[in-house]
Amino acid sequence: MNQLYQAMHRIYDAQNELSAATHLTSKLLKEYEKQRFPLGGDDEVMSSTLQQFSKVIDELSSCHAVLSTQLADAMMFPITQFKERDLKEILTLKEVFQIASNDHDAAINRYSRLSKKRENDKVKYEVTEDVYTSRKKQHQTMMHYFCALNTLQYKKKIALLEPLLGYMQAQISFFKMGSENLNEQLEEFLANIGTSVQNVRREMDSDVETMQQTIEDLEVASDPLYVPDPDPTKFPVNRNLTRKAGYLNARNKTGLVSSTWDRQFYFTQGGNLMSQARGDVAGGLAMDIDNCSVMAVDCEDRRYCFQITSFDGKKSSILQAESKKDHEEWICTINNISKQIYLSENPEETAARVNQSALEAVTPSPSFQQRHESLRPAGGGQSRPLTARTSSSGSLGSESTNLAALSLDSLVAPDTPIQFDIISPVCEDQPGQAKASGQGGRRTNPFGESGGSTKSETEDSILHQLFIVRFLGSMEVKSDDHPDVVYETMRQILAARAIHNIFRMTESHLLVTCDCLKLIDPQTQVTRLTFPLPCVVLYATHQENKRLFGFVLRTSGGRSESNLSSVCYIFESNNEGEKICDSVGLAKQIALHAELDRRASEKQKEIERVKEKQQKELSKQKQIEKVHSPNVDLYVLFVETYFSTVTFRFEFPN
């Protein structure tokens, strides 16, 4: 019986688990359309099909829930009642019968020990009465026990048949409900889905076959590229490059005569040559190639070597290319970057062209930006196009309806490149900040290093919230009064990163206080950048990707304190964009209340000072009155005495 009970309990538990799993499947299918897959597009047919499946499975889940309830009532209840009530009743009667039998045996033993020689009527009567009572109790208990045993045989049959009957009836009811739900319309729907699955499978097989053929064609076409030193006649050298990237071997001296060669990835960025070792997240500055010299050299019996020397001659680097084509292209590219700016006949146009080319690859360096501005003519010439900003038509995220009515130039300032490195701002409330720190005219280190740390000015702030963020980029904007400015800046920065394969992001800790926003190096805990909270005039989160957020900082132009500009900074967080915006809003509210309290306190102090001044003047007036009060009393006494004397003189003659 115990094994049968356990088997039925397993059926009941399995049915409950099946009902819960079916309900969960329906819920997940309903939420499928909210998912955003990296390689999946919007498929309305797939979404509607899954929604239809979710409805059907939800109905089946309801049927399974009804089946679970019926199994609990019709199968588990009878067998559980037999096990927990009937069997326990038999065990209880058995124990009572055993106790009655023991009492009867004890009474018989006492009766058997009665003395034959010395009979005591009183003792004999008590023992006889005890035997009578115990024997009667034993007989009654025995009859109830035997009756319960006979009844148990019938209950056992009922306990075996009734759960099985309930199980079968519950299953029949479940199948009837299923047959009612699986009507002809659903059968037609399932048949259409089966046909669609077969069509998708055929399309997949065709696509795989096409891709295999494309791979074979590319392998045949790319076969000459596998050669480390291709034929120059088939692959001519391009001598007009202004940007280049590829692997080079760099020579590193380990002693006076010994050296090692390390293979690294090199790329040009504006007027800089950058290098990135295997496994590194971002590249580092290898050499400033503005106005440098480059030439082919022979080094340690290695082919295709060339040497780059800085403009002051203090730094040089020897690199080795993989082929003759790469060797010549690297030399020509570095020459173009170096000599286009300083040795051309028209430096202004050359600087604009090089700056545009560097901007198409990655962000130009700030020092090059300042040289470009210094070389730009004073007259209103034609502004250069911003390829990195306007060449992409893709948009990440949905656009606001208000943005459709605004032009691009009304949101983003023209002739402003996208900055992918952290550049120190100059706030309108602190116009001398950049000049005092010496950062107004030099390039900020693009790799998150800080020149020094100062004592925190936010130690007394009542709000300290820390978030992990990654800087994506910044650019100057023309407006700072609508969230569409932040959305458009996000779109352009992400589009530029996607087009030019820029994956490097500087991770920082963003500290939100009631005074400012701070970007802190997570390794050294050095403050990289400080954004005063009054200068943060706008902040928003991406409408779809909640990890993206940005804020607009109103800054001074640097040349005059009255020349103001707005710069939009875009960051990526660990799914906390809305939390960061809420924290910034809370900080601004706390700062506003603190400012209102400060003004109210100053006003109250001013009122108290005025009252105190009036009190002092009143006290001074009272003191003056007290000084002159004795003379007044003497005058009154004199007048009274005079008039009394005159009256006496008039009355004396009478």
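**Group meeting: sheet, helices and salt bridges in a predicted model**

Let me begin with a single residue: Met 204, at 45% relative accessibility, counts as partly exposed, because that value falls between the limits for buried and exposed. Please keep in mind throughout that the structure shown is a predicted model. Met 204 sits in helix α4, which covers residues 184-221. Together with Val 208 and Met 211, Met 204 makes up a nonpolar patch on the surface, and the accessible area of the three comes to about 260 Å².

I turn now to the protein as a whole. The chain contains 654 residues, and 34% of them are buried. The secondary structure consists of 11 helices and 14 strands. The accessible surface is about 41,600 Å², and carbon and sulfur atoms contribute 53% of that area. As for contacts, among those with a separation of 6 or more, 66% are between residues 24 or more positions apart.

The next topic is the sheet. Seven strands form an open sheet, in the order β11-β10-β9-β8-β14-β13-β12, and their pairing is antiparallel. Which strands lie at the edges? They are β11, residues 527-532, and β12, residues 536-541, each of which pairs on one side only. On average, and with direction ignored, neighbouring strands in this sheet are turned by 35 degrees against each other. Helix α10, residues 484-499, packs on the sheet and touches β8, β12, β13 and β14. The direction of helix α10 makes about 85 degrees with that of β8, the strand at residues 465-477.

Within the sheet, I would draw attention to β14. With β13, residues 548-556, strand β14, residues 564-573, shares nine bridges, and the two run antiparallel. Two of the residue pairs can be named here: Phe 549 has Phe 571 of β14 as its bridge partner, and Leu 553 is matched with Val 567 of β14. β14 also pairs with β8, again in the antiparallel sense, over eight bridges. In that context, Arg 470 stands opposite Glu 572 of β14. How many of the 10 residues of β14 are buried? Nine are, so the strand is largely enclosed by the rest of the structure.

I come now to the charged side chains. In general, side chains of opposite charge can pair when their charged atoms come close. Across the whole structure, the search returns 20 salt bridges. I shall discuss three of them.

The salt bridge between Asp 58 and Lys 30 has an N to O distance of 3.6 Å. Asp 58 belongs to helix α2, residues 44-112, and Lys 30 to helix α1, residues 2-30, so this pair ties together parts that are 28 residues apart in sequence. Are these two side chains buried or partly exposed? Asp 58 is partly exposed, at 26% relative accessibility, and Lys 30 is partly exposed as well, at 38%.

Another salt bridge joins Lys 244 and Glu 329, with 3.0 Å from N to O. This pair links distant parts of the chain, 85 residues apart: Lys 244 is in the loop between α4 and β1, the strand at residues 245-253, while Glu 329 is in helix α5, residues 324-342. Why does Lys 244 count as buried? Its relative accessible area is 14%, and buried means under 20%. Glu 329 is buried too, with a relative accessible area of 5%.

The remaining example is Arg 609 with Glu 606, a salt bridge of 2.3 Å, N to O. Both residues lie in helix α11, residues 577-651, and they are three residues apart, about one turn of the helix. Arg 609 is partly exposed at 46% relative accessibility, and Glu 606 is partly exposed at 41%. Some salt bridges also share partners: Lys 244, Lys 325, Asp 326 and Glu 329 are joined into one network in this way.

To close, I return to two points from this predicted model. Strand β14 has nine of its 10 residues buried, and it pairs with β8 over eight bridges. Lys 244 and Glu 329, both of which take part in the network, connect the loop between α4 and β1 with helix α5.

Key. Residues numbered from 1 in each chain as written. Predicted model: local features only at pLDDT ≥ 70, side-chain atom pairs only at ≥ 80, totals over all residues. Heavy atoms only, no water. Patch = residues over 30% accessible without salt bridge, like charges linked within 9 Å, V, L, I, M, F, W, Y side chains within 5 Å. Areas by Shrake-Rupley, 256 points an atom, 1.4 Å probe, with all protein chains shown as cover. Salt bridge = Lys/Arg side-chain N within 4 Å of Asp/Glu carboxyl O. Helix = DSSP H or I, 4+ residues; strand = E, 2+ residues; numbered from the N terminus. Buried < 20%, exposed > 50% of the residue type's maximum accessible area, 1.4 Å probe, protein only. Pairing = 2+ DSSP bridges. Axes fitted to C-alpha atoms, helices over the stretch in contact; angles between N-to-C directions. Contact = heavy atoms within 4.5 Å.
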